[in-house]
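This report examines where open space, packed regions and individual residues lie in one protein structure. Please keep the sequence and the model in view while reading.

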Amino acid sequence: MMPARALVFDVDDTLYDLAAPYREAYAKTFGTRYDLPVDELFKMSRVYSDKALDLLTEGKISEEDHKVLRVQWTLQDWGVPVSREEALNFQKVYAEAQQHVSLYPEAIKMLDACMLVGIPMGLITNGDGPHQREKARLLGLDRWFPLEHCVFSGDWGVHKPSLVLYHAMEDALGVAGPDVWYVGDTYETDIIGAKRAGWSCIWVDVRGRQKPAVAEQPNVTVHSPLEMKEAVIGLLRA
């Protein structure tokens, strides 16, 4: 593999388990009424969240609509109608559960190893800027990533896979090209965006998602936080 000259990471479901607060929110809001496969719901919620984010970025829906629609669309796939009030309540409980998230232990060891060798590192994550900054603070990511190396899509009016975000990171780190490695979980945003930017990438597929039939292919695919840690540390030794 090509050695890394810089490493850039996604946050949600890459450095921590985004499904954990989702499971908690589902159990508290819908779990007593519907016995649904919550892990499958979570996977679809990620797809619908990106779909609603497209509409939000294009100015076609409000921030509240974005929160409501991704819940409604997900549950409707399973024949469960969800009112606006129920969707907002789910989002409220979900946001509260996210206050208690923590990094994968393997991610901490991985980031410590990267910091030890002094390789430039950054974050690119989709979502509202203030919300994502607060999440980064809760996760303690400022230990490894200075604020100027964090690109939050909401601050730019676009979202991954827009090349605007990848070029912004190149400017922040002062590096570009295939020896910049991106590590992310969502194929349609993380992998396609990074490859179109001319970077190398690691696809973190902990959910067993189906790989799209597209030209953009990851350089490495891993299936657990441990495999992610070992792959990234391997780039430091290449």
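The text below describes pockets, a cavity, nonpolar cores and selected residues. The model is a predicted one.

## Pockets and cavity

Rolling a probe the size of a water molecule over the atoms shows where empty space is left. In the table, the two largest pockets and the largest cavity are set side by side.

| Space | Volume | Nonpolar lining residues | Polar lining residues | Charged lining residues |
|---|---|---|---|---|
| Largest pocket | about 760 Å³ | 11 residues | 18 residues | 12 residues |
| Second largest pocket | about 250 Å³ | 3 residues | 4 residues | 7 residues |
| Largest cavity | about 30 Å³ | 1 residue | 3 residues | 2 residues |

Which residues lie nearest the centre of the largest pocket? They are Ser-49, His-66, Arg-70, Asn-126 and Gly-127, out of 41 residues that line this pocket. Five helices each give two or more residues to the lining of the largest pocket: helix H2 (38-57), helix H3 (63-76), helix H4 (84-97), helix H6 (129-138) and helix H8 (187-196). The largest share of this lining, 8 residues, comes from H2.

The second largest pocket is lined by 14 residues. Nearest its centre lie Arg-46, Val-47, Asp-50, Thr-186 and Glu-188. H2 and H8 are the elements that give two or more residues to the lining of the second largest pocket. Helix H2 provides the largest share of that lining, with 5 residues.

The structure also holds 1 cavity of 30 Å³ or more. The lining of the largest cavity is made up of Gln-98, Gln-99, His-131, Glu-134, Lys-135 and Leu-138.

## Residues beside these spaces

Arg-46, one of the residues nearest the centre of the second largest pocket, is found in helix H2. Is Arg-46 buried or exposed? Its relative accessible area is 17%, and residues under 20% count as buried, so Arg-46 is buried. The side chain of Arg-46 is joined to the side chain of Asp-185 by a polar contact of 3.1 Å. Leaving aside residues up to four places away in sequence, Arg-46 touches Asp-12, Asp-13, Leu-18, Asp-185, Thr-186 and Arg-209.

Glu-134, which helps to line the largest cavity, belongs to helix H6. Glu-134 has a relative accessible area of 30% and is therefore partly exposed. A polar contact of 2.6 Å links the side chain of Glu-134 with that of Arg-137. Another residue of the cavity lining is Gln-99. Although Glu-134 and Gln-99 are 35 residues apart along the chain, their C-alpha atoms are separated by 9.2 Å.

## Nonpolar cores

The largest nonpolar core contains 52 residues. Within this core, Leu-7, Phe-9, Met-121, Leu-141, Phe-145 and Ile-202 touch the most other members. The contacts of Leu-7 include Cys-114, Ile-119, Met-121, Trp-181, Val-232 and Leu-236, not counting residues up to four places away in sequence. A second, separate core has 20 residues, among them Val-180, Ile-192, Ala-194 and Trp-199.

## Loops and backbone geometry

Most residues other than glycine have a negative phi, and most peptide bonds are trans. Two places in the model are of interest in this respect.

Asp-13 has a positive phi of about 65°, although it is not a glycine. Asp-13 lies in the loop between strand S1 (6-9) and helix H1 (19-29). With a relative accessible area of 1%, Asp-13 is buried. Asp-13 is also one of the residues touched by Arg-46.

The other place is the peptide bond between Lys-160 and Pro-161, which is cis, with omega of about 20°. Pro-161 is located in the loop between S3 and H7.

His-159 is likewise found in the loop between strand S3 (150-152) and helix H7 (163-173). At 12% relative accessibility, His-159 counts as buried. The side chains of His-159 and Thr-57 are joined by a polar contact of 3.0 Å. Beyond residues up to four places away in sequence, His-159 touches Leu-53, Asp-54, Thr-57, Asn-126, Ser-153 and Leu-165. Of these, Asn-126 has already appeared among the residues nearest the centre of the largest pocket.

Conventions. Residues numbered from 1 in each chain as written. Predicted model: local features only at pLDDT ≥ 70, side-chain atom pairs only at ≥ 80, totals over all residues. Heavy atoms only, no water. Helix = DSSP H or I, 4+ residues; strand = E, 2+ residues; numbered from the N terminus. Buried < 20%, exposed > 50% of the residue type's maximum accessible area, 1.4 Å probe, protein only. Polar contact = N/O pair within 3.5 Å; in protein donor to acceptor, adjacent residues only side chain to side chain. Contact = heavy atoms within 4.5 Å. 1 Å grid on protein atoms, 1.4 Å probe; cavity = no way out; pocket = protein on both sides within 12 Å on 5 of 7 lines; lining within 4 Å. Points joined across faces, edges and corners; volume = space filled by probe spheres on them. Nonpolar A, V, L, I, M, F, W, Y, C, P; charged D, E, K, R; others polar. Core = buried A, V, L, I, M, F, W, Y, C linked by side-chain atoms within 4.5 Å.
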